[in-house]
Amino acid sequence: MKVEEKPTPQPEPEPGFEEVAARVPWGQRLRGWGIQLLAPAVSLLIAAVIGVLVILIVQQSWGDVADVAGAMWSYGLFNRNSVAFILGRATPLIFAGLAVAIAFKAGLFNIGVEGQYAIGALAAGYVGYQLSAPTALHLPLTILAGMAGGVLWAAVPALLKVYRGAHEVISTIMMNFVANAVLLYLLSDLMKDPNQQGGIAQQQTPPIEPTAQVGSMVPFFNSIGFDFRGSAPVTWFFVLAIVAAILYSLTVRRTRFGFELRVLGTNPRAAEPSGIRSNAMIMKAMLLSGAIAGLVALQDVIGIDDRMKLDYIRGYGFTGIAIALLGRNSGLGIVAAALLFSFLDRASSGIGLNTDVPKEVTSIMQAVIILTIVIAYEVVRRMTARRQLREQHERA
Amino acid sequence: MATEATEVTGDGPSEARRRSPAIECRGVTRRYAGVVANDQIDLEVAEGEIHALVGENGAGKSTLMKMLYGLEQPDEGEILVRGEPQVIDSPRKAIELRIGMVHQHFMLVDAFTVAENIVLGAEPDKGGGRLDLEEAERRVGELARGFGTPLDPHARVEDIGVGQQQRVEILKLLYRGADILILDEPTAVLVPQEVEELFDNMRQLKADGKTIIFIAHSLDEVLQVADRITVLRDGKVIDTVAAADTDTHQVAEMMVGRPVLLRRVEGKATPGGPMLQVKDVRVTAGGKEVLAGLDLDVRRSEIYGLAGVEGNGQAELVEALVGLTIPETGRVYLDDDELTRADVRTRRQAGLAYIPEDRHARGMVLQMLVSENSVLGVQERAPFSRRGLLDLKAIRRRAVELIRGFRVKAPSVTAPAYALSGGNQQKLVLGREFASKPKLLIAAHPTRGLDIGATQFVWQELVEARDEGVAVLLISSNLEEILALADRVGVIYDGRIVAQVRGSEATMSELGLYMTGARGGDEEPAA
Amino acid sequence: MPEILVQLFGLATIASAIRAFVPLYLATLGGVFNERSGIVNIGIDGMMIFGTWFGAWGALQWGPVAGLLTAVAAGVAVAAIHGMATITFRVDHIVSGVAINILAIGMPRFLSIVAYGQGTQSPQVPSLPKIDLPGLGEQSIMVPVTVLLGFGAWFVLTRTIFGLRLRSAGENPRAAESLGVRVRGQRWAGVLISGGFAGLAGGYLSIELVGLYREGMNQGRGFIALAALILGNWSPIGAAFACLLFAWTEALTVFLRVDWINNAFIQSLPYIVTLVVLALFFRRVRPPKAVGQAYEAGSPV
C-alpha cells in the first residue's frame, strides 16, 4: 500500500504508524467508488434487459424496442420541457427519499411518508388559504405548517415504537390509511372548495393566497439560456430540495447527532452503553423524517398549483423508499436516484405519446431496479467485506 | 510424532492400536483468505480414548474440529474415519459416520423440549411424516437413564440449567449413535463441581467404548481426564503426548513456544477511600429477583474481582452500575455523587468507563470506521465534538493514539472496524475506555477470547490503571484471572455478594464452594 | 334489538365478517409459515395483490378453480423473488419485502393495460358456486376450505417432522444445521408456502368476494395480516381469533353508521384497530427467536 509520509512528534514512530495516520490514498478511494457504482450500473442494465424482454413479449417486435428506446432518449431528455419536468418531478422525490433515508440511518423504516406528506399538504393548504399575511410571514408559515403536519403524523408511530414497542413498519402503513380517511373527510367537508366542480377525484381546497405561493424557476432557467414553456413544472422548491440534501449529508457525517444516529442505526445494542438515549434518538429521527416528508407535496400545492387537491397524493412516499435504497441513503445518491426516476417518468410520457407500447413499461423497469439494487448492494457489500478481511489476514 | 507418542501410552489405547484409529488426519491444511489456519495437520485419535486438544486462541483447534464435523472442508490432506478415507462435507455426513460434536456455545432450540431437541433431524416417524413425539420421549428417557442424573424429556430447554443443557447436547450425539464425540471447551460454562460430574460422565462414555476428542481450556483439567494430549500452535501440531508423562508446565511451554505461565501481577499502590458504593440494590427481571439487595464497594487504587458462575446477577449488576437499567431499590454512588437514576452519559461524564462483556456487539459498531469507534461513548466531549459538530481531525488523532498506545493492528484509521481482527477490536475498546481517564473502570471479562500474550498485556494495563488511582471492578468467570489481579475478591451468588476475601488470601477451592452456594450466604461478608 | 346492536352483531355483519375473514386468515397462515421458518415477509401484501390480478386473469381464461390456482402460482412466484433476495443473497428481509410491495404497485397496472386495455380494472370474472351456510347466508365454498387449511397448517406445524424442522430453522438455525436439518431448504419452504397462501388470499378477493380485479382492492390486508400474526402469537389457532377480530371490524366499515362519526373514519376502523392491537400486544408476544436473521452455514462474513 502506498502511503503519504507524515511527520510525527515522537522520536521513534512505532511500526505501522504512518500507515495508520495516513488518509486513504486516492487510487484506493477511486477503486472504492468504482465498486460502489458497480451495483447501480448492473442494476440499471438488468432493468433495461428486462424492459426489452417485456416489450418483446408484449409486442413481439424489435422495432418497438427501438421505438421505445428512441422515445425515451429523444422525448425523455430533449423535448423542449423535459429538463424542467425532470427537475420539477425530482423535487418531491428528493424530499421523500431524504425522509426515508434519515429514518433508515437510525435503523427505522418509515413507510408512512405517504400519509405524512398528505397531512402536511393539507396543513399547508389550510394555512395557505385561511391566513392572510405578507409573503415574508405567510410563506414560511405555510411551509412550516406542511412540516408540522408531517411531524404530527410521524409522531404516532414514533410514540407507539418508543412506549409500546410496536414495529414502525406496520404502524406507519396503518397511519397511511388513516391519513387517507382524514383527507377524504376534510376535502369533502371542512376544507372543501365551495366552487368545486366534479366528483370525488377532483376534491380540492379553496385557492391559496398569492402570499403563500412559491415562484416558478422557469424565468430563471430561461434567463440562463433554456427555453421552457411558462407552465413548465419547476419551482424554487427544487433549490430547497438540493439544500435539504446537502444539509442532510452534513448532518449525517459531520454532526454528533448524525454520529449517534448512525450508531443506533447500525448497531442498536451499542447505542445505550455509549451514552446514546435510543428512545430519544428514535423520536428525533422519526419526527425529523416526518418534517421532511411534510415538504414532499408542497411544490404541487403552493408552487405549481394554487391549492391542495386529493390528486396530489400519488405514491411519492413509496417511490421515496426506492430512491433511498437506490441512493444508498446518501444525499448525493438520493438526488441522483430522484433524477433517474424522474427521467423515467418523463420517458414514460414519451413512450405513451410516440409508441404502441404501454407507457407503464417504465414502472416495471423501476420495480426491477429496486429489486436488483438491494441484491446488488448486498453482493458488493460482501465483496468489500471479504476484501477487507483478506487484507487483514495478509497483514497478520 | 503422533505414532511414537501412542506407543508410550497405557493399555487402553495401545490395545486400540491394533484396530484402525477412530480418526486420522493426514497433512490436513485449511486456509482462509490467505491465512493458514491449519498447516499440514497429522493427528491420530485412537478408538476408546479421551484425546485432548490444546492450544492458544487462533492455534487452529476449532478449525480442525469443524473439519471433522463437516462444517468446513480441508484444502489439502485427507481425513480417515475408522481407517477409511472420508469426505466429510456436511454435519449430515459426519452424523452418518457416527461423529458428533458439542459446540462451545450450545446449539439448542430454547423453545423446544429436551426430547424435541434431541430428536431434531432424526425424528421417529409415525408414518406419512408425522412426528412420533411419544416414541421420542420414551427413547430420550431411556438414554438419559443410562447416563448420569435424570433428565425430564418434557422440560423446555430454556427452563433447565447449564449442566443439564450440556447433557442434552451429549444425549443428542448418543441418540444418533455417535461413538466419536467432539467436545469444544465443555468446561468453560461449568462451575468446578459440575466439571467433576462432566468428567465422570466422560469416563463412563469411555468405558462404554466411545472415543472423545475434547478441546480444553484449563491444563489441570486436561491432565485429569485425558489419555493423550495434542498441542497445536500457529496451525501446526507441536506434539502429541500421554497425559501421564507430562505436566502443566511442559504443555504450557509447548502451547506458547516459550516458558510462560500466568502469575499474580502485583502493583505498587495501596487501596484508598471508597470510589464506588452500591447499597441494597434490587433488580427484578422476569418475575425473579436477579439482584437481591446487593451491597458492594470498590476503593480508589483497588481492583475488586467479582467472581461467580455466570447468571448469578453479574450482568444485571453491570447494567445497573452503567445505567442501562435502573434498580427498584437501593443506591449507587460514584465518588460520593449519587448516580442511582442517572443515565449512561451522565455516569460516563462523572468518570465511569465500561468494557462490555460482548465487545463486538455492545462496545463497537463494526460497520463504522476505526476512528469513529475510538471515540464511541465520549463522542460528545471536546475536542471530538464542539457545539454539536464533530471534529474529524481530533477523532482521527485519538484513533492514532489508541492504535499506538495499545498496539492495535489496523490498516488505517479510516478503515471500517470489521477490518480489524477480533483481538485488535478488543484492544481498541479497552484502549478507548482506559483513555477516557476514568475514576471507575468496569471491566466485564476483559480477556475473554484473547491469547496469553494479549491477556498479559491487558492485565498489565489494568494494574497500571489501578496504580494511577482508578477503581477497577473486574467481573470474570475465570478464577485464575481474579486470583492474579484482585486486591479484594467478592463472590456473587443468587444476586448477592456471599463472600469477600483478600485477593492474596483467596484460594480457588474456597471460592468454588461459595460460587456454587455450597457455603456462605448467611455469614456476613468479611474483609 | 336496538339498531346499533344490529349494526354491530347482526347476521348481515357476521356474514360479511366471515367473507372478510377468509383472505385475512389465509394471508396470516402464510405469514405463520414464513415467520416460523425465520423469514420476515413484509411483502405479503404485494403477493396478495399479484394474487388478485392473476386470480381474475386465470378465472377469465379457464374458470374460477383454475383462477385460484393461478393466483397461488403467482404468489409462489413472487415469493420466490423474496426467497432469492433473503435466503440466497441475504438481503435485509424488510428491504426485500418493501421492494416487492413497490413492485406490486406498478406491475399490475402494466399487466392490466396489456390484458384488458385499461389500467385499473378487469371485466367481471366467473366465481365458484356459493354454498348456503346455516345462519350465515350465501358464502363462498372457500370459507370451509379456509377453515380446513387452518387446521392443516396447525397440524403440519406442530405434529409433523417437517413442522418441527421448519420451526427449528426459525428458532435456532445453527442448532438445526448442526443436526443435519437443511435450514435454507426449510426457509425456502416457509417463504414459498407463504406466497401460495397470500396468492390464494388475493385470488379469493378478486374471484370470490368481488368478482373482478380492481386496482387497490387489497386495501392493505397484507399488513393487517402481519398484525394478526403478532396478535395470534405466530400460531394458526391464535391467528384465527385475531383474524376474526379484524374481519369483524372490516364488516363494520360496511354496516356501522353513526351520526356523529364521519363515514371516512368508520372506513379506517380496521387500521385504527390494528394500531391499537400493536400498541397493546407487541411487547407481550414471543416471536421466533431467529426471525429476520440472515443465515449461512459456516460463513466467515
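Author: Patches are made of residues with over 30% relative accessible area (Shrake-Rupley method, 1.4 Å probe, only the protein chains shown counting as cover for residues) and no salt bridge (a side-chain nitrogen of Lys or Arg within 4 Å of a carboxyl oxygen of Asp or Glu), with nonpolar side chains (Val, Leu, Ile, Met, Phe, Trp, Tyr) joined within 5 Å and like charges within 9 Å. This is a predicted model, in which local features need pLDDT of at least 70 and side-chain atom pairs pLDDT 80 or more, whereas totals for chains, interfaces and linings use all residues. Residues are numbered from 1 along each chain as its sequence is written, chains are lettered from A and ligands numbered from 1 in the order in which they are written, and side-chain values use heavy atoms, without hydrogens and water.

Reader: Which element gives the most to the nonpolar patch?

Author: The patch on the surface is formed by L38(A), V42(A), L45(A), I46(A), V49(A), I50(A), L53(A), I57(A), V379(A) and M383(A), which together have about 830 Å² of accessible area. Two elements of chain A give two or more residues to this patch, namely α2 (26–59) and α16 (361–395); helices (H or I, at least four residues) and strands (E, at least two) are DSSP runs, numbered from the N terminus. With eight residues, the element that gives the most is α2(A).

Reader: Why does I46(A) count as partly exposed, and what is its relative accessible area?

Author: I46(A) has its place in helix α2 of chain A, and I46(A) is also one of the residues of the nonpolar patch. Partly exposed is the class between buried, under 20% relative accessible area, and exposed, over 50% (1.4 Å probe, protein chains only). I46(A) therefore counts as partly exposed, its relative accessible area being 32%.

Reader: Is E360(A), the salt-bridge partner of K359(A), buried or partly exposed?

Author: K359(A) and E360(A) form a salt bridge whose closest N and O atoms are 3.7 Å apart. K359(A) is partly exposed because its relative accessible area is 38%. E360(A), at 13% relative accessibility, counts as buried.

Reader: How many residues apart in sequence are the parts that R300(B) and D335(B) tie together?

Author: R300(B) and D335(B) form a salt bridge in which the closest N and O atoms are 2.8 Å apart. R300(B) lies in the loop between β12 and β13 (302–307) of chain B, whereas D335(B) lies in the loop between β14 and β15 of chain B, so the parts that this pair ties together are separated in sequence by 35 residues.

Reader: In which helix do R203(B) and D200(B) both lie?

Author: R203(B) forms a salt bridge with D200(B), the closest N and O atoms being 3.3 Å apart. Both residues count as partly exposed, R203(B) at 35% relative accessibility and D200(B) at 45%. They are three residues apart, about one turn of the helix, and the helix that holds both is α8 (residues 192–207) of chain B.

Reader: Which strands of chain B are the edge strands of the open sheet that holds β11 and β14?

Author: Four strands of chain B form this open sheet with antiparallel pairing, in the order β12-β11-β14-β15, where two strands pair if DSSP finds at least two bridges between them. Strand β14 (residues 329–334) is joined to β15(B) over two bridges, and L334(B) has D337(B) as its bridge partner. The strands that pair on one side only, and so form the edges by this DSSP pairing, are β12 (288–299) and β15 (337–338).

Reader: Which residue just after α11(B) takes a positive phi?

Author: Helix α11 (residues 314–322) of chain B packs on the sheet and touches β11 (274–285), β12 and β14 of chain B, contact meaning heavy atoms within 4.5 Å. Within α11(B), the buried residues include L317(B), V318(B), A320(B) and L321(B). Just after the helix, phi is positive, at about 105°, in G323(B).

Reader: Which strand of chain B pairs with β8(B) over five bridges?

Author: Strand β8 (residues 211–215) of chain B has five of its five residues buried, with T211(B), I213(B) and I215(B) on one side and I212(B) and F214(B) on the other. Strand β3 (residues 50–54) of chain B runs parallel to β8(B) and is joined to it by four bridges, with L53(B) opposite I215(B). The bridge partner of F214(B) is L183(B). The strand that pairs with β8(B) over five bridges, also in the parallel sense, is β7 (residues 180–184) of chain B.

Notes: Axes fitted to C-alpha atoms, helices over the stretch in contact; angles between N-to-C directions.
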